[in-house]
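Visitor: Hey, can you walk me through this protein? I'm new to this, so plain words please.

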Amino acid sequence: MSTRLHNELNLGAYWMPFTANRAYKAKARLLQSAAGMYYRSEDGSDILDAIAGLWCCNAGHCHPRIAAAIARQAAQLDYATAFQMGHPTAFRLAERLASAAPADLNAVFFTNSGSESVDTALKIALAYHHARGEPARTRVVGRERGYHGAGFGGTSVGGIGNNRKAFGPLLPGAVHLPQTYSHEHQAFSRGQPAWGAHLADDLERIVAVHDVSTIAAVIVEPFAGSAGVLPPPIGYLERLREITAAHGILLIFDEVITAFGRLGASFAAERFGVVPDLITTAKGITSGAVPLGAVLVREDIRAAIVESAPAGAIEFFHGYTYSGHPLATAAAMAALDVYEDENLFARARELEGTFENALHGLADRPHVRDIRNVGLAGAVEIEPRAGAPGARGNEAFAAAFERGLLIRTTADTVAISPPLIVSEREIETIASVLGDVLDDIR
Ligand SMILES: Cc1ncc(COP(=O)(O)O)c(C=O)c1O
């Protein structure tokens with residue numbers, strides 16, 4: 001790519017996140033604008049967005065109602081501190097999220113990202129046990145291959161080796177459940193695999209080893225997203241719920257990618273019929289338009305923390321300068337309106353069959369090791385090239401982009417998670433371009 005803009009830009013100063021900086025800067029890809037299902041790249045070509053930005057633009061790009069709400073809010077109230085102050089949109093949004101949340105998860109704490117939501121949820125879990133007189137419950141349990149953002153808390157409970165290895169011991173006491181994927185037992189499952197519910201029983205082993213008096217919470221993604229779309233085995237989440245409840249351990253669902261329609265419902269908790277004690281969200285809450293996260297918390301958990309503090313005192317020493325930011329909360333209100341008015345969650349649900357068939361239609365293409373799907377999320381796992389793990393994934397990403405398709409690859413797995421406005425024809429296009437890419441990589 002060598003347009004005027006490209007030649008003008010100095011790419012040096014920007015240290016890009018989760019990016020192969022040297023490779024990227026040798027061949028930069030620049031996006032200029034977006035609308036609906038498409039990005040427009042710097043050279044004017046349209047790029048079909050098969051990953052909703054990064055699992056976040058669920059209403060499609062630059063939705064006029066969301067853009068207008070942000071502009072209105074920016075002109076009216078740009079910023080209000082959330083410390084000992086408030087503004088109406090934050091309260092309205094909290095109320096709305098509480099009424100959409102399952103069961104009595106009625107307390108809403110605002111953050112600015114998924115990582116902050118995770119760190120906040122972990123701190124709430126510890127503060128809850130502290131307030132109840134069990135301050136030794138500080139251990140947090142994550143899962144192998146889990147991704148919970150890039151903060152120290154999220155990295156500690158996360159289970160992706162590359163994300164952890166340079167950062168020392170992280171949070172003391174974080175332990176991990178086994179991951180839920182088995183190629184032998186689950187390859188080419190459609191939706192939730194039948195095998196693997198028993199893997200939740202490993203929590204009993206952790207309880208036996210560490211003693212329940214030390215364990216605060218278990219955090220899992222309802223389906224692991226960043227590790228390559230690993231849907232939960234049938235019965236697994238239910239089993240985890242039973243065991244955590246039996247031991248007074250809080251169960252946190254990290255719904256940063258699963259909330260707001262990815263599974264055809266407001267929350268994965270609703271879709272799978274399993275109610276956790278806390279839910280972390282971000283991304284789709286504003287359809288990606290302004291950074292915002294929210295943690296939804298069981299009412300009595302908040303009450304235990306709040307009521308343990310003296311009257312008039314700050315009850316929970318935690319929060320962010322931009323918690324409940326006016327622009328972000330305005331964007332979220334508009335995004336929730338769009339989801340409702342355009343019936344996008346039901347639409348996602350209706351498209352699941354088409355999406356599943358399109359992806360699984362790639363099973364016979366070269367190098368395909370597995371195909372997985374749940375809701376409007378799916379993955380095609382490519383057999384790594386001998387001696388060069390990740391090379392085929394990188395080549396697939398570049399080749400798809402050349403063909404006008406944005407996909408996400410982690411190592412050799414391609415993830416697909418389109419905006420919920422995707423049409424059947426666009427789903428077919430995504431599969432057909434991906435098929436061509438698979439045919440071409442060596
Ligand atoms: C499950 C989950 N939790 C947390 C995060 C981190 O979110 P953020 O990048 O907004 O900090 C992500 C990001 O992909 C995620 O998928």
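**Helices, domains and a ligand**

Guide: Sure, let's begin with a helix pair: helix α4 (residues 64-76) and α14 pack at an angle of about 150°, and their axes are 8 Å apart. Helices here are DSSP runs of H or I with at least four residues, strands are runs of E with at least two, and both are numbered from the N terminus. The axes are lines fitted to C-alpha atoms, for helices over the stretch in contact, and the angles run from 0 to 180 degrees between N-to-C directions. This is a predicted model, where local features need pLDDT of at least 70 and side-chain atom pairs count only at pLDDT 80 or more, while totals for chains, interfaces and linings use all residues. Residues are numbered from 1 along each chain as its sequence is written.

Visitor: How are α4 and α14 oriented to each other?

Guide: Given that angle, α4 and α14 are therefore roughly antiparallel. The cut-offs are under 35 degrees for roughly parallel, over 145 for roughly antiparallel, 65 to 115 for roughly perpendicular, and oblique for the rest.

Visitor: And which residues of α4 make the contact?

Guide: Arg65, Ile66, Ala69, Ile70, Gln73 and Ala74 do, and on the α14 side the residues include Pro326, Leu327 and Ala330. Contact means that the C-beta atoms of two residues, placed from the backbone, lie within 7 Å. By class, the contact of α4 with α14 has 12 nonpolar, 1 polar and 2 charged residues. Ala, Val, Leu, Ile, Met, Phe, Trp, Tyr, Cys and Pro count as nonpolar, Asp, Glu, Lys and Arg as charged, and the others, Gly among them, as polar.

Visitor: What about α5 and α14, at what angle do they pack?

Guide: Helix α5 (residues 88-100) and helix α14 (residues 326-341) pack at about 40°, with axes 9 Å apart. That angle is why α5 and α14 count as oblique to each other. Their contact uses Thr89, Ala90, Arg92, Leu93 and Arg96 of α5, and α14 adds residues including Pro326 and Ala330. The classes there are 7 nonpolar, 2 polar and 2 charged.

Visitor: OK, new topic. Which domains does the chain have?

Guide: The domain assignment gives domain 1 (4-59 + 343-440) and domain 2 (68-341); such bounds come from an automatic or database assignment. The centres of the two domains, taken over C-alpha atoms, are 26 Å apart. Domain 1 puts 31 residues into the contact and domain 2 puts in 29.

Visitor: Which element gives the largest share on the domain 1 side?

Guide: That's α15, with 8 residues of the side that touches domain 2. That side of domain 1 has 16 nonpolar, 9 polar and 6 charged residues.

Visitor: And the ligand, which residues come nearest?

Guide: Ser113, Gly114, Ser115, Gly149 and Val256, out of 14 residues around the ligand. A residue is near a molecule or strand if its C-beta atom, placed from the backbone, lies within 6 Å of it. Helix α6 (residues 114-131) gives the largest share of the shell, 3 residues. In the shell, 5 residues are nonpolar, 7 polar and 2 charged.

Visitor: One last pair: how far apart are the axes of α16 and α17?

Guide: The axes of helix α16 (residues 391-402) and helix α17 (residues 424-440) are 9 Å apart, at an angle of about 130°. So α16 and α17 are oblique to each other. Ala396, Ala399 and Ala400 of α16 meet Val433, Leu434, Val437 and Asp440 of α17.
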